[in-house]
Amino acid sequence: MTSSRTQLQQAQRINIVTAVADGLLGLVKIGVGSLTASGALVADGIHSLADLFTDLMVMVAMHFGRQAPDKQHPYGHGRIETMASLALGFLLIAIAVIIGWDSLQAMFVPQHGAIGYAALGVTILALLVKEAIFHWTLRTAREQRSQLLEASAWHSRSDSLSSLIVLIGLIGSLFGLHWLDPLAALLVSFLVGRIGAETLWQASRELIDTTLSDDEIDSVRKSALTVSELRDIHDLRARHVGAMICLDVHLLVDDDLSASEAHEIGNAAVAAIRRDHPTIRDITFHIDVEDDHLSKHAAQHLPLRKEVKAALDKAWQDQSWWPHCQKMSLHYQAHRDHQTRHIDLDLYLPCDVVFDDATLQLAYSLTADLPWRGELNIWHAAVPCTGKHLPAHEE
């Protein structure tokens with residue numbers, strides 16, 4: 001909790017500085033651009049003021065999007081960041097259309113401005129400020145592995161690039177190439193529109209639960225398989241929820257393990273994945289003892305314990321040893337052809353119950369009509385017949 005709160009404070013500090021810079025730079029650009037008749041500088045100023053609005057959106061989205069999961073939102077509030085990204089994308093595209101239209105009109109109207117060093121100085125200042133904010137934001141985003149903060153960083157880089165384009169147009173105007181100024185404004189509109197389209201695309205991918213890239217999935221697989229007891233993983237599904245990634249995965253383990261041991265192997269695999277991929281917060285795993293991809297019997301449902309025992313009671317009702325069975329383990333197995341499945345039975349009898357080969361053959365033949373019956377294994381208890389056992393810790 002403390003770490004998350006600290007990260008949020010760092011991110012919001014950056015957002016506040018960015019918002020103040022965008023507001024001040026936007027007003028100065030529009031003012032100087034109006035006095036010097038620089039359409040490109042005015043367009044860049046409008047872009048900066050629009051960024052002020054988007055900065056506030058990012059702050060609000062990050063505040064609510066990073067709240068912990070609750071009863072109503074068990075997967076967290078990360079989609080708030082996704083919704084903010086969608087709004088940001090639409091807004092940037094709208095701004096790009098407005099700036100582009102004004103720039104096209106200005107290209108056919110003679111420009112007689114007094115563009116001078118004031119416009120150049122403001123543009124250079126804006127370029128340096130936004131480039132510094134870009135590096136600061138990107139470094140923090142990668143430390144926190146925050147996709148929203150990284151998107152904000154690249155947005156600042158787009159601002160510095162647009163200022164560079166405006167600077168080129170202003171310099172051209174100083175040499176009498178007045179057509180360069182509206183052309184630079186037009187290029188700014190294309191740049192803003194491109195950023196908006198990319199933002200929309202990424203947010204849309206999150207909304208439709210687009211999976212991770214092949215390289216990312218491969219990396220998750222390698223992390224999980226560092227647990228030597230894990231045989232393989234399959235049916236790996238992942239989706240983004242804001243800055244968080246939710247993961248569903250099937251873990252393949254040996255078929256002779258107890259449920260608790262298999263589950264502990266799953267916990268170890270989850271810990272390994274989270275160790276190497278901090279953005280994966282929610283992991284749901286399913287333990288498998290056979291590869292679902294190789295098996296072609298997904299619709300084949302074998303009987304469960306209650307039905308199995310009822311069938312065995314009927315088959316072995318006249319067998320004197322059967323009522324003394326202390327424990328029965330069921331192992332659901334696939335045949336080698338992966339077309340059908342069966343149940344191997346492990347039966348545990350007290351050490352004083354006689355069970356010879358003839359009895360085993362009889363027991364096997366009496367269950368021959370059970371289509372699901374596989375191997376039959378009889379085990380005698382290796383401890384005294386009193387049934388005493390040692391506790392986990394003796395004091």
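**Exercise 1. The first sheet**

Which residue is the bridge partner of D248 in β3? Use the answer to describe the sheet and the helices that pack on it.

Solution.

Step 1. The model is predicted. In it, D248 has T284 of β3 as its bridge partner.

Step 2. Strand β2 covers residues 244-252 and is joined to β3 by eight bridges, the two strands running parallel.

Step 3. The sheet is open and has three strands, ordered β1-β2-β3, with mixed pairing. β1 (232-241) and β3 (280-288) each have a single partner strand and stand at the edges, so one side of each lacks a neighbour in the sheet. On average, neighbouring strands are turned by 15° against each other, direction ignored.

Step 4. Helix α7 (residues 214-224) packs on this sheet and touches β1, β2 and β3. The direction of α7 makes about 130° with that of β1. Helix α8 (residues 259-276) also packs on the sheet, where it touches β2 and β3. The direction of α8 makes about 150° with that of β3.

**Exercise 2. A residue of helix α8**

Determine whether I273 is buried or exposed, and list what I273 is in contact with beyond its neighbours within four places in sequence.

Solution.

Step 1. I273 is located in helix α8.

Step 2. The relative accessible area of I273 is 2%. Buried means under 20%, so I273 counts as buried.

Step 3. With neighbours within four places in sequence left aside, the contacts of I273 are V220, S223, A224, L247, I280 and I283. Helix α7 spans residues 214-224, and V220, S223 and A224 fall in that range. L247 lies within the 244-252 range of β2, while I280 and I283 lie within the 280-288 range of β3.

Step 4. T226 is 47 residues from I273 in sequence, and their C-alpha atoms are 9.3 Å apart.

**Exercise 3. Salt bridges**

How many salt bridges does the structure hold? For the pairs R221 with D232, R231 with D254 and R275 with D276, give the distance and the exposure of each residue.

Solution.

Step 1. The structure holds seven salt bridges.

Step 2. R221 and D232 form one of them, with the closest N and O atoms 3.0 Å apart. R221 belongs to helix α7 and D232 to strand β1, so this pair ties together parts eleven residues apart in sequence. Both residues are partly exposed, R221 at 27% relative accessibility and D232 at 26%.

Step 3. R231 and D254 form another, the closest N and O atoms being 3.8 Å apart. R231 lies in the loop between α7 and β1, and D254 in the loop between β2 and α8, so the pair ties together parts 23 residues apart in sequence. R231 is partly exposed at 44%, as is D254 at 36%.

Step 4. The side chains of R275 and D276 meet in a salt bridge with an N to O distance of 3.0 Å. D276 is partly exposed at 35%. R275, at 52%, counts as exposed, because the cut-off for exposed is over 50%.

**Exercise 4. The second sheet**

In what order do the strands of the sheet that holds β4, β5 and β6 stand? Add the bridge count between β5 and β6 and the helix that lies across β4 and β5.

Solution.

Step 1. This open sheet has three strands in the order β4-β5-β6, and its pairing is mixed. The edges are β4 (327-334) and β6 (373-380), each with a single partner strand, so one side of each has no neighbour in the sheet. From one strand to the next, the twist averages 20°.

Step 2. Strand β5 (residues 341-349) runs parallel to β6 and is joined to it by six bridges. Within β6, R373 is the bridge partner of I343.

Step 3. Helix α9 (residues 305-315) lies across β4 and β5 and runs at about 110° to β4.

**Exercise 5. Surface and interior**

Which residues make the nonpolar surface patch of about 520 Å²? Then state what share of the chain is buried and look at T18 as a buried case.

Solution.

Step 1. The patch is made by I171, L174, F175, L177 and W179. L174 lies in helix α5 (residues 147-174) and is partly exposed at 39% relative accessibility.

Step 2. The chain has 395 residues, of which 44% count as buried. Its exposed area is about 22,100 Å², with 61% supplied by carbon and sulfur atoms.

Step 3. T18, in helix α1 (residues 2-35), is buried at 3%. Apart from neighbours within four places in sequence, T18 is in contact with D55, K130, I133 and S156.

How values were computed: Residues numbered from 1 in each chain as written. Predicted model: local features only at pLDDT ≥ 70, side-chain atom pairs only at ≥ 80, totals over all residues. Heavy atoms only, no water. Pairing = 2+ DSSP bridges. Helix = DSSP H or I, 4+ residues; strand = E, 2+ residues; numbered from the N terminus. Axes fitted to C-alpha atoms, helices over the stretch in contact; angles between N-to-C directions. Contact = heavy atoms within 4.5 Å. Patch = residues over 30% accessible without salt bridge, like charges linked within 9 Å, V, L, I, M, F, W, Y side chains within 5 Å. Areas by Shrake-Rupley, 256 points an atom, 1.4 Å probe, with all protein chains shown as cover. Salt bridge = Lys/Arg side-chain N within 4 Å of Asp/Glu carboxyl O. Buried < 20%, exposed > 50% of the residue type's maximum accessible area, 1.4 Å probe, protein only.
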